[in-house]
Amino acid sequence: MILRSRVALVIAAAVVSAGTLGCGVVSKAKQAVENVSAISDLADKLGKSDQLTYTGTYKMDDGSTATVVQEPPKAAFLGKSGRFILTQDALLLCSGTGGNVACQRSPNQNKVAASADQAAYVSAVAGGGFISAPMAVAVMTAAAVVPGTKIDKSEKKVGGVDSTCLHVTGIPADKDPNAVTAKEFTVCVGDNGVLTTFTGVGTDNKKIGVELTKFSSKVDEKSFVPPAGAKIVDVQDIQAPN
């Protein structure tokens, strides 16, 4: 797993630092190793969801809901503004309501399921506060190697799924005073690998996040196709609405 390899390199670097530098740095390096290890374990769990067939309904902080439906290699994100569909051959971004639904369709050149670089498509249908599993992994991995961060681990049940949670605090602010970055966040991952919670507070004190409210191992095949009557336009690259 690529993520695991990157994490292993970071741990190795921290161990070398601990063995060659002073006590203060040793303490910080030890914490960095522990942070990366905690993140790595949870990220590996989250990676299991790539091959899991399930339907998960999430509630966001603005009160809206979004649904993730997955049956590898297919996946779909259904939200208040439409749906984003991934199949082995194509990506579709559908928006509109009733009889005015339009879908952009482009080739799935990578032949993979959802990834962090598709965040704009997911946000377009589910809202900017929605966090997908790949997005959560990206944030977790970045925070693990930032000096000064503190990670507290706990266990709880979310949406009926037993989960392991990490609460990350002490993330240094960006040097750019106008930049909005994460000040703290909590991520929970189910024993089955599904993302069950991700909530974050930015340096602007605004909160975003999702929490699993319902989980099922069943899927509706209609989730992986455009709504009936939708107008489909083939494009080379999908353009997410601003």
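Here are some short exercises on this predicted model, each with a worked solution.

Before you start, note that residues are numbered from 1 along each chain as its sequence is written. Because the model is predicted, local features need pLDDT of at least 70 and side-chain atom pairs count only at pLDDT 80 or more, while totals for chains, interfaces and linings use all residues; side-chain values use heavy atoms, with hydrogens and water left out.

**Exercise 1. Confidence and overall make-up**

Find the mean pLDDT of the chain, and say which residues have pLDDT under 50.

Solution. Start with the score itself: pLDDT is the predictor's confidence in each residue, from 0 to 100. Its mean over the chain is 81, and 83% of the residues reach 70 or more. Next, look at residues 1-29, where pLDDT stays under 50. For this stretch the model has 24 contacts beyond four places in sequence, a contact being heavy atoms within 4.5 Å. A word of caution fits here: where pLDDT is low, the predicted coordinates should not be read in detail.

Then take stock of the fold. The chain has four helices and 12 strands; these are DSSP runs (helices H or I, at least four residues; strands E, at least two), numbered from the N terminus. Of the 242 residues, 37% are buried, where buried means under 20% relative accessible area, exposed over 50%, and partly exposed in between (1.4 Å probe, protein chains only). Among contacts with a separation of 6 or more, 54% are between residues 24 or more positions apart. Finally, the chain exposes about 12,600 Å², with carbon and sulfur atoms supplying 54% of it; the areas come from the Shrake-Rupley method with a 1.4 Å probe, and for residues only the protein chains shown count as cover.

**Exercise 2. Ring geometry**

Classify the ring pairs Phe77-Phe130 and Phe84-Tyr121.

Solution. Recall the rule: rings of Phe, Tyr and Trp (its six-membered ring) pair if their centres lie within 6.5 Å, and planes under 30 degrees apart count as stacked, over 60 as edge-to-face and the rest as tilted. The structure holds six such aromatic pairs. For Phe77 and Phe130, the centres are 6.3 Å apart and the planes stand at 75°, so the pair is edge-to-face. This pair links distant parts of the chain: Phe77 is in strand E3 (residues 74-79) and Phe130 in the loop between helix H3 (119-126) and helix H4 (133-144), 53 residues apart. Both Phe77 and Phe130 are buried.

Now repeat the test for Phe84 and Tyr121. Their ring centres are 5.2 Å apart with planes at 50°, so this pair is tilted. Phe84 lies in strand E4 (residues 82-86) and Tyr121 in helix H3, so the pair ties together parts that are 37 residues apart in sequence. Phe84 and Tyr121 are buried too. To finish, join the pairs up: Tyr58, Phe77, Phe84, Tyr121 and Phe130 are linked by ring pairs into a cluster.

**Exercise 3. The packed side of H3**

Which residues of H3 are buried, and what do they pack against?

Solution. First list the buried residues of H3, which are Tyr121, Val122, Val125 and Ala126. They cover an arc of only 110° around the axis, which puts them on the same side of H3; the arc is that of the directions from the helix axis to the C-beta atoms. Then check their partners: they pack against strand E1 (54-60), strand E2 (65-71), E3, E4 and strand E5 (90-95). Just after H3 comes Gly127, with a positive phi near 105°.

**Exercise 4. Disulfides**

Which cysteines are joined in the disulfide pattern 1-2, 3-4?

Solution. Search for pairs of cysteine sulfur atoms within 2.5 Å; the structure holds two disulfides. One joins Cys94 and Cys103, with sulfur atoms 2.1 Å apart. The torsion about its S-S bond is about 110°, so the Cys94-Cys103 disulfide is right-handed. The other joins Cys165 to Cys188, S to S 2.1 Å. Cys165 is in strand E8 (residues 161-169) and Cys188 in strand E9 (residues 182-190), 23 residues apart. Cys165 and Cys188 are both buried.

**Exercise 5. Backbone details**

Where is the cis peptide bond, and where does Asn205 lie?

Solution. Scan omega: the bond from Pro72 to Pro73 is cis, with omega near 10°. Pro73 sits in the loop between E2 and E3. Then scan phi: Asn205, although not a glycine, has a positive value of about 65°. Asn205 is in the loop between strand E10 (195-202) and strand E11 (207-216), and is exposed, with a relative accessible area of 56%.
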